[in-house]
Amino acid sequence: MTATPADRPDTTDATADTARDTAAAPPAPPTVWRNWARTQTAHPARVERPTNADELSAVVRRAVADGLRVKAVGSGHSFTGVAVTDGVLVRMDAMARPVSVDRDTGLVTVEAGMTLRRLNELLAAHELAMTNLGDIDRQTVSGAISTGTHGTGARSPSLAAQVRALELVTADGSLVRCDADTRPELFAAARVGLGALGVLTRVTLQCEAAFALHAVETPARLETVLAGLERLLAENEHVEFFWFPHTDRTLTKRNNRLPPGATPHPLGRARAWFEDEFLSNTAFAALNRIGAALPRAIPRLNAFAGRALSPRSYSTDSHRVFVSPRRVVFREMEYAVPREAVTEVVRAIGRWLELSGERVAFPVEVRFGPAEDLWLSTAHGRDTAYVAVHQYQRRPYERYFRAVAGIADAVGGRPHWGKLHYLTAETLRPRYPRFDDFLRVRDELDPAGVFANDHLDRVLGPARGAATR
C-alpha cells in the first residue's frame, strides 16, 4: 500500500488584509499547550507542524541554530511533563499517513503521528489487528510506544514490544532507521524512548490476521479474585479487574479469542450505549461530582456502584473489546510490580485506605503482562502486574498517590513513564538493569539535550553536554 498525501488545511488569499496597516495590530497571544488531564502546561517559543521527515529535520536544525530545545507532542494523553517545552513544540498530526501494509507478513508501517484509533481502522480495512492494545485509542502511535503503553494479558506484549522497526530524526537533523539487525542498541532503547532520543517519524508494527474476542465481565468479591488469580491468568488470554475502594467489590474482565469461523455476538447498540456511555461515563461522572462535593459519601457511592454491576458477555472485533470510551477526567499513577507481589500490594492499599481516612471514588485497576527485553519497559526482565490508581480531577490526589507509591516501591515497583510519579533518575536507575545503557545511547545521539526538558532531566538525569547549551 502506498502512502497517500497528507490532508492540508485550506488557505485563503489574505492580500486585502495585509494591505492594511498591520503595525498597529496587537501582538498574537502566546501559544499555550495543555495535556488532556490538565496536569501540564507549556508555553513554547514557537509551534511547528511538519508534514514529512524532511520538514521535520529542518525544524530540528533551525531549533538547534536558535538555541532552542525540541519536544514532539501527539494527543497529550501523558499525565507527566514528558512533552512540555519552552522551546519548539512539534505537532505530529500532519505526519499521520499509512506507508505500507503487507497482509502476508502482517508488517504495517505508518507515520508516527497516526492515532491508535486511525490505526485500528486501517488494520480492520486490511483484515489485520494488533495482538494487544491498551484501553484508550486517542494516543498517537509514537506517544503510546514511547511511554510504554500496554494492555493486559499474561502472555500478550505491550505495544512497544510489537514494533519491528523505527525511523527517527536525531539532534543533528539526521534521519536514522533502526531494527533488530540495524543499530540494534538504538532499537532496544528507542521503542520506549520517552522522546529523549529523537522524534519518531515512522513505526513498523507486527500485526496479525484480524480476530474477534469473547468478553466476559463478572462482579466478584475482592478476596475471591485474589485467591483465584493464578487460575484466572492460566485459563484466560486477557484478564483485568477493577476494585472499588472502601468495598470488597470488583468487576473482573476476561477476554479470549473466538475460534476461527465462530460468529461474533456484539452488544446491541442500545445496550452498548447505556452501559458504556451512560453508566460508565455520564452516571460515573455524576457520582464523582457528588463525591467531590461530599467526600464522606464516597464509600456509600462506591458500594452503590459495585452493587449496580451486572454480568455481561459479548463478542466482537478485538480492538472494540480492548478499547473503552473514557470521558471522565482524572489523575492517574500506575506501578508495574512483580506479578507475585500484586496480591499483597492490593491488600496493602486497602489497609492504608481503611486507616488513613482518605476517600477515593475511582476503582483501582489491575492488569498483567509478560516479561520484555526493551531497556526501559516497565516489564523488563520479569512477569508483571500493573496496579493503577486514579483520582477524580476535582479531588486532591497527592497523599493517596504517595502512599501507593511507597507500597509499590517496597516491592521494587516501576512507575509508568506516562503517568504521575515521584521518582528521579537516582531512584529509577537500580530498578532498570539497562538504565545506564539507555543513557549512553541518549548521550551519543543527543549530547546537548536538544530533546530534553525538566521532566526528562528529573527521571533520566541531564544529558552529558547539556550545560554547554
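**Group meeting: the overall fold and Arg155**

For a chain of 469 residues, a compact globule would be expected to have a radius of gyration near 23 Å, and the protein chain has 23 Å, so the two agree. I should say straight away that this is a predicted model, and that what I describe is computed from it.

Staying with the whole chain for a moment, its C-alpha atoms fill a box of roughly 65 × 50 × 50 Å along the principal axes, and the chain is made up of 15 helices and 20 strands, together with the loops between such elements. Of the 469 residues, 55% count as buried, and if we take the contacts between residues at least 6 apart in sequence, 73% of them join residues at least 24 apart. The accessible surface comes to about 20700 Å², with 52% of that belonging to carbon and sulfur atoms. As for charge, there are 59 positive and 55 negative charges, whose mean positions lie 6 Å apart.

Let me now turn to one residue, Arg155, which sits in the loop between helix 4 (141-146) and strand 9 (163-169). Is Arg155 buried or exposed? Its relative accessible area is 51%, and because the cut-off for exposed is over 50%, Arg155 counts as exposed.

Which residues, leaving aside neighbours within four places in sequence, does Arg155 contact? They are Leu233, Ala234, Asn236, Glu237 and Pro370. For two of these we can be specific about the atoms: a polar atom of the Arg155 side chain lies 3.4 Å from the backbone oxygen of Leu233, and a polar atom of that side chain lies 3.1 Å from the backbone oxygen of Asn236.

Conventions:
Residues numbered from 1 in each chain as written. Predicted model: local features only at pLDDT ≥ 70, side-chain atom pairs only at ≥ 80, totals over all residues. Heavy atoms only, no water. Helix = DSSP H or I, 4+ residues; strand = E, 2+ residues; numbered from the N terminus. Rg over C-alpha atoms; globule rule 2.2 N^0.38 Å. Buried < 20%, exposed > 50% of the residue type's maximum accessible area, 1.4 Å probe, protein only. Contact = heavy atoms within 4.5 Å. Areas by Shrake-Rupley, 256 points an atom, 1.4 Å probe, with all protein chains shown as cover. Lys, Arg positive; Asp, Glu negative; His and termini not counted. Charge placed at Lys NZ, Arg CZ, Asp CG, Glu CD. Polar contact = N/O pair within 3.5 Å; in protein donor to acceptor, adjacent residues only side chain to side chain.
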